[in-house]
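Trainee: I should like to take a close look at a single part of this protein. Please guide me through it in one connected account.

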Amino acid sequence: LSVFREGDFVELLVIEPERRSHRFVLKLVKGGKTSTHYGDIYHDEIIGKFPGSIVKSKTEYHFLVLRPTLYSEIKNSRVFRFATQIIYPRDWGLIIAFSDIHNGSKVVELGTGSGALTLFLSRIVGDKGYIWSYDVDPKRLEIAKENLNNLSPYKNYTLKLYDPNRGIEERDVDAVFIDIPEPWVVVKEAWYALSHGGFLIVYIPTFNQLKRVVNEVIRNGFVDLKVIEGFTREIQWKPYAIRPHIESYVFSAYILFSKKSYFIPRKLFEELRDQPK
Ligand SMILES: C[S@@+](CC[C@H](N)C(=O)[O-])C[C@H]1O[C@@H](n2cnc3c(N)ncnc32)[C@H](O)[C@@H]1O
C-alpha cells in the first residue's frame, strides 16, 4: 500500500475514547485545510503518510488516517449528494455476485437516481467495461453526474436523459439492471439490449411490484428466475457485550435475477395465461 497523495480520499477516525465512532472523509489538496468540530486539519500533514498513521488537529485531537471504502465516501465525505433513495452496500454485493458482473462487463442501468449503484458498478467493471445509465429526471441526472465526477476514478459511463421505454440503443450488453417504480414497462426493451443469455436484474421494493414484474419477465422470454432478499445483521463488538445491534434488520428490496432466452417454458406460459396483466 502506498502513502496518501494529493487527490486521494482519506478517512479520519477520532480516537479520543468518548468520540471513537466519529469519522469523516475528505479529499486531500496540497496546502488544503478542513475545519471540523475537532479543530482545523491541515492536509499537508496527511500527504506522504501511510494509512494507519496518526495525525493531530490544531486543537490537539488525535485522528487515525485510513483509506475510506466507497460507501464511506458516499456517507461521510459531504461530496455525494442524495437526490433519491439509493441502493446500499448490503445489496451491491448480491447484485454483482448473482449476475456475474465483473471487470470488463457492459451494463445498462435504468434509473440512475443519485448514481450510488452506478458508482459501485463503475468501479467493478473498471476501464475495460462500460455502463450506460438512463433516467428521465434532468435534476437527478445532474446530481448523479456530479457524484460520479467527484467519486469515480474511471470515465467508463454515459448518463442518458432518455426514457428507456422509448427504446434502449445499446445491444449485446452483459446485464441490464432496473431500479425504477414501474419496471415492467421496460422489460421488453431490456430483452433487445441484452446478449443471448445476458442477465436482467430488477430491484423491487414491494411484493405488489414483484408479482407484476415476474409475470412480465416470463412473458418476455426470460428464464432461470431467482428472487432473493438479502439482509445483514451488524454485530456490536464491544468486548463486554458482544451481540447483534438492537435495530439491525432493515428491509431494502427484493432482487430478481433472470436470463434472456428465445424460449418460454410451456408450463410457465400456461400458468401465466390465467394471470391478470
Ligand atoms: C430509486 S431511484 C434509483 C436509485 C439508484 N439505483 C441509486 O442507487 O442511486 C429511481 C430513479 O428512477 C427514475 N425513473 C423513474 N421512471 C423512470 C423511467 N421510466 N425510466 C428511467 N428512469 C426512471 C427516477 O427519476 C429516479 O431517479
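Trainee: Which helix gives the largest share of the lining of the second largest pocket?

Mentor: The helix is α4, residues 138-151, which supplies 3 residues of that lining. Please note that the model is predicted, with local features requiring pLDDT of at least 70 and side-chain atom pairs pLDDT 80 or more, while totals for chains, interfaces and linings use all residues. Residues are numbered from 1 along each chain as its sequence is written, and side-chain values use heavy atoms, without hydrogens or water. Helices (H or I, at least four residues) and strands (E, at least two) are DSSP runs numbered from the N terminus.

The second largest pocket holds about 240 Å³ of space. Its lining comprises 13 residues, and D8, F9, E73, R123 and L151 are the closest to the pocket centre. A pocket is an open set of points on a 1 Å grid over the protein atoms alone, where a 1.4 Å probe fits, with protein on both sides within 12 Å along at least five of seven lines; lining residues have an atom within 4 Å of a point. By class, this lining has 5 charged, 4 polar and 4 nonpolar residues.

D8 leads to a further feature: its side chain meets that of R67 in a salt bridge, at 3.2 Å from N to O. This bridge joins distant parts of the chain, since D8 lies in the segment before β1 (9-14) and R67 in the loop between β6 (62-66) and α1 (70-76), 59 residues apart. The structure holds 9 salt bridges (a Lys or Arg side-chain nitrogen within 4 Å of an Asp or Glu carboxyl oxygen).

The ligand has surroundings of its own. It is surrounded by 21 residues (a heavy atom within 4 Å), of which I87, D135, R140, P164 and D179 are the closest. Both α3 (116-125) and β8 (130-135) supply at least two residues of this shell. The shell divides into 9 nonpolar, 7 polar and 5 charged residues. A backbone N or O atom of G115 lies 3.2 Å from a ligand oxygen, and the distance given for A116 is also 3.2 Å, again from a backbone N or O atom to a ligand oxygen. For L117, a polar backbone atom is 3.3 Å from an oxygen atom of the ligand.

Key. Points joined across faces, edges and corners; volume = space filled by probe spheres on them. Nonpolar A, V, L, I, M, F, W, Y, C, P; charged D, E, K, R; others polar. Polar contact = N/O pair within 3.5 Å; in protein donor to acceptor, adjacent residues only side chain to side chain.
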